[in-house]
Structure formats: structure tokens, C-alpha cells
Amino acid sequence: MTEPSKKQQLYEAIRANPFISQQELANQLGLSRSAVAGYIAGLIRERKLLGRAYVLPDHRPVVCVGAANLDRKLRSTDTIALRTSNPASQTESFGGVARNIAENLARLGTTVALLTAIGADSSGAALLDRADSLGIDVRGALRLDGCCSGTYTAVLDRDGEMVVALADMALYDRMEPAYIDARQAQLAGAALVVADLNLPRDTVAALAHQARRNATPLVLVAVSEPKMARLPDDLSGVRLLILNAGELAARVGRPLVDDAALAEAIRAVQAQGAQDLIVTRGARGVLVSAGAAIVDLPAPPVDVVDVTGAGDAFAAAVCWSLVQDAGTEDLVLACRRGLHLSALTLGVPETVHPGLGPDSLATESPPLSQD
């Protein structure tokens with residue numbers, strides 16, 4: 001049997017340990033360091049490596065950018081009466097749109113990194129420990145002294161529907177374009193970047209600019225109607241924008257009274273540079289642009305336990321599908337998977353379904369453990 005070439009041996013060594021140093025490679029293979037550098041340059045030119053830390057094309061992560069919060073849920077035990085005290089039960093969990101998407105993806109078996117901001121407090125330490133325990137790479141997180149980590153407090157009625165939510169998200173205004181520029185190598189090596197609109201407007205624009213330059217798919221996920229103002233005018237570089245009907249209306253600056261108005265608004269936002277849109281409509285399902293058509297997909301029936309996290313589960317399943325089906329990018333199938341995972345998440349009290357696993361979305365409507 002022919003012995004593998006030094007170049008192939010070097011490639012296999014990097015596959016086994018993507019963080020191996022050039023000197024370690026030289027020692028292992030009996031080469032000079034300059035020879036190792038030459039082989040690595042050749043592998044990068046051949047797109048067999050994607051730069052330091054020698055990222056292999058089939059191991060590129062999804063990079064999630066945005067909020068990671070401590071979530072508090074207060075659920076009324078009876079009909080809510082305004083301007084008075086209401087008996088309620090409370091739970092705390094980890095949340096934030098980008099973090100929730102990252103956890104869903106990690107549980108689905110995807111390699112994930114999370115770029116977020118945390119304060120120098122116990123909540124921030126717990127958020128990072130939790131992510132690390134799930135296999136999410138948080139080494140690029142922005143750690144800030146003198147401020148508290150983000151919090152999100154949702155008040156739910158006795159049926160689990162949200163009545164009001166209060167979000168302390170000022171921390172994420174510190175995730176400025178300079179922070180994104182400092183992580184450009186990590187972002188350029190991503191299979192896909194997904195960001196929420198808790199980020200400053202200029203930072204979202206910087207992500208879009210990097211996506212255009214690096215040809216990296218960028219998915220933007222809206223978080224509220226007021227924060228639609230953080231979406232830049234030029235959406236070139238945005239592969240996909242996920243938002244609800246109210247957020248779409250805020251973007252185009254007019255009420256959307258029927259499906260025809262929604263379709264017209266979708267086309268208007270596509271004309272601003274976004275390749276595709278998905279408009280979520282709660283129990284009515286989603287509208288998705290698919291080529292020249294706009295497809296209306298109904299949501300499966302579900303007994304709602306808690307709505308928190310269902311939209312993030314939908315977005316995560318769509319992103320998972322885009323990565324798994326790279327080259328075909330069937331958005332209709334991606335949305336079917338998203339609706340399936342969203343429905344399952346609605347049926348459990350947790351923000352991220354605890355029964356999620358690597359095989360959960362292997363088919364369009366797979367079984368998923370409720371344990």
C-alpha cells in the first residue's frame with residue numbers, strides 16, 4: 001500500500017486536532033516549519049482548509065450572534081386583573097433569542113458558537129457554564145465589567161399566553177461593529193451566521209457587509225416591532241429574514257390588512273436586498289417566499305403549555321435545515337421542520353425542548369421524546 005503523502009498526513013493530523021500548532025505538525029511529521037506552512041497554504045487554496053484554526057469544510061459551525069439572558073416567567077393562577085396583585089408561580093431559565101437558537105442547534109447535533117455579551121455577575125457566569133455544558137463555543141463572548149447580564153421577564157396568563165414582557169437588553173448595545181470586526185475570522189469560517197435584532201443597527205449592517213464579502217449565509221431574526229428600527233436600509237447580504245406580520249408592517253411602514261398586503265410587503269423587503277423572507281403568523285402558520293411564489297404553510301394543531309421559545313425553535317430548525325441541505329436550500333421543507341419543532345416546544349414548559357436530539361429532524365415530521 002502506498003504511504004500517504006506528507007501533505008495528506010498533515011491534513012489528517014489537522015482533521016484529528018484542528019487546533020494543532022505548526023510546530024507540533026512539524027515535529028510529528030518530520031518536516032520543517034516552513035514546509036508545514038507551505039502545505040497549509042496549499043490546502044487553504046484548495047478550500048480543504050478554511051484558515052485558522054484550520055477549519056474543515058464539513059465541521060464549520062453555525063455562529064449565533066445576539067442575546068443570552070436570564071429568563072423569568074410569571075404565570076398567573078387565575079384571570080389576570082390589571083393594576084392589582086395577582087397570584088402567580090415563577091420559574092427561571094436561560095434565554096435570549098440567539099442563545100435559544102444556539103441551544104436548539106447544539107441539541108440537534110450542530111457545531112455551534114455563540115457571540116453574545118454578559119456582565120460580570122453570577123447570571124453571566126451561569127449562562128456561559130450552561131452553554132459550555134451543551135458544547136456551545138462561547139470563547140468569543142464579550143465580557144463586560146460594571147453591568148448586569150441581560151434579563152427577560154414574561155408575564156403569562158393561566159393558559160400560557162404572554163400578556164406582557166419586560167426586557168433589560170441595554171447590554172447588547174455594547175456589541176458594536178468593532179466587536180464584529182474582531183471576530184471576522186470566526187464569522188468567515190461559519191457554515192451560517194444567525195443574528196437577532198437585539199444588536200445595534202450598525203452591528204447588523206456590519207454582519208451583512210461581512211456576509212456579502214465572505215459569501216456566508218446570514219439569517220436575521222426579528223425580536224419585536226420597536227427593534228425593527230435596527231434593521232439597516234440595505235439588506236444586501238441577508239440570505240433570510242424571519243419575522244412576524246407586525247414586524248413586517250413596521251418595516252414597510254403601513255398596516256397589512258390581508259394576505260395580498262402581506263405578499264406585497266414581502267416583495268418590497270426583498271427589493272431592499274433580502275433574498276428570502278419567512279413571516280410567522282402564530283396558529284395560522286407561516287408565509288415563505290420560495291422563488292417566484294409565496295407559500296402558505298399551516299401550523300399543526302397543538303395544546304399550548306408555554307409559548308416562550310417556540311419562535312426560536314422554529315428559527316433554529318430552519319437554520320439547521322439550510323445547513324443540512326446546503327446547495328438545495330429547500331425553504332418550504334425548512335419551514336415544515338420549523339413548524340414541527342415549534343409545535344413540540346409549545347407543548348412543554350421549557351424554553352428549549354429537553355427531548356431534542358441529533359436525529360429529531362432527520363425527517364420532515366420525526367418523532368420526538370417528550371421526556
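**View 1. Around the largest cavity of this predicted model.** Eight names to look for here: Leu187, Val193, Leu207, Gln210, Ala211, Asn214, Thr216 and Leu218 make up the lining of the largest cavity. The space inside comes to about 50 Å³. If you go hunting through the whole structure for cavities of 30 Å³ or more, you'll find one. Helix α8, residues 201-214, gives the largest share of the lining, with four residues. Sorted by class, five of the lining residues are nonpolar and three are polar, with no charged ones.

**View 2. A look into the largest pocket.** Here the space is about 1,300 Å³. The lining takes in 46 residues, and those that lie nearest the centre of the pocket are Asn244, Val307, Ala310, Gly311 and Asp312. Several elements give two or more residues each: the strands are β2 (69-76), β8 (162-168) and β11 (240-244), and the helices are α4 (97-107), α11 (310-324) and α12 (331-346). As for the chemistry, the lining has 26 nonpolar residues, 13 polar ones and seven charged ones.

**View 3. The open sheet of four strands.** Read across, the strands come in the order β3-β2-β7-β8, and the pairing is mixed. The edges belong to β3 (88-95) and β8; each has a single partner strand, so one side of each goes without a neighbour in the sheet. From one strand to the next, the twist averages 15°.

**View 4. Strand β2 and its two pairings with β3 and β7.** With β7, residues 151-156, β2 pairs in the parallel sense over six bridges. With β3, β2 pairs in the antiparallel sense over eight bridges. Arginine 75 is a handy residue to centre on: its bridge partner in β7 is leucine 156, and its bridge partner in β3 is serine 89. Aspartate 71 has a bridge partner in β7 too, namely tyrosine 152.

**View 5. Arginine 107 and its surroundings.** You'll find arginine 107 in helix α4. Which side chain does arginine 107 join through a polar contact of 2.9 Å? That partner is glutamate 103. Once you set aside the neighbours within four places in sequence, arginine 107 is in contact with Arg130, Leu134, Val352, His353, Pro354, Leu356, Gly357 and Pro358.

**View 6. The open sheet of eight strands.** Here the order runs β4-β1-β9-β10-β11-β12-β13-β14, again as a sheet with mixed pairing. Why is one side of β4 (112-115) and of β14 (293-297) left without a neighbour in the sheet? Both stand at the edges, and each has a single partner strand, so there is no neighbour on one side. Ignoring direction, neighbouring strands of this sheet are turned by 20° against each other on average.

**View 7. Strands β11 and β12, with helices packed on them.** Strand β11 pairs with β12 (residues 276-280) in the parallel sense, over five bridges. Asparagine 244 has its bridge partner in β12, and that partner is threonine 280. You may remember Asn244 from the pocket view, where it is among the residues nearest the centre. Helix α9, residues 245-252, lies across β11 and β12 and runs at about 110° to β11. Helix α12 packs on the sheet as well, touching β11, β12, β13 (286-290) and β14. The direction of α12 makes about 160° with that of β13. Both β11 and α12 also give residues to the lining of the largest pocket.

Note on methods. Residues are numbered from 1 along each chain as its sequence is written. This is a predicted model: local features need pLDDT of at least 70, side-chain atom pairs count only at pLDDT 80 or more; totals for chains, interfaces and linings use all residues. Side-chain values use heavy atoms; hydrogens and water are left out. On a 1 Å grid over the protein atoms alone, a cavity is a set of points where a 1.4 Å probe fits but cannot get out, and a pocket is an open set with protein on both sides within 12 Å along at least five of seven lines; lining residues have an atom within 4 Å of a point. Grid points are joined across faces, edges and corners, and a volume is the space filled by probe spheres set on the points. Ala, Val, Leu, Ile, Met, Phe, Trp, Tyr, Cys and Pro count as nonpolar, Asp, Glu, Lys and Arg as charged, and the others, Gly among them, as polar. Two strands pair if DSSP finds at least two bridges between them. Axes are lines fitted to C-alpha atoms, for helices over the stretch in contact, and angles run from 0 to 180 degrees between N-to-C directions. A polar contact is a pair of N or O atoms within 3.5 Å; within protein, one must be able to donate a hydrogen and the other to accept it, and residues adjacent in sequence count only if both atoms are side-chain atoms. Contact means heavy atoms within 4.5 Å.
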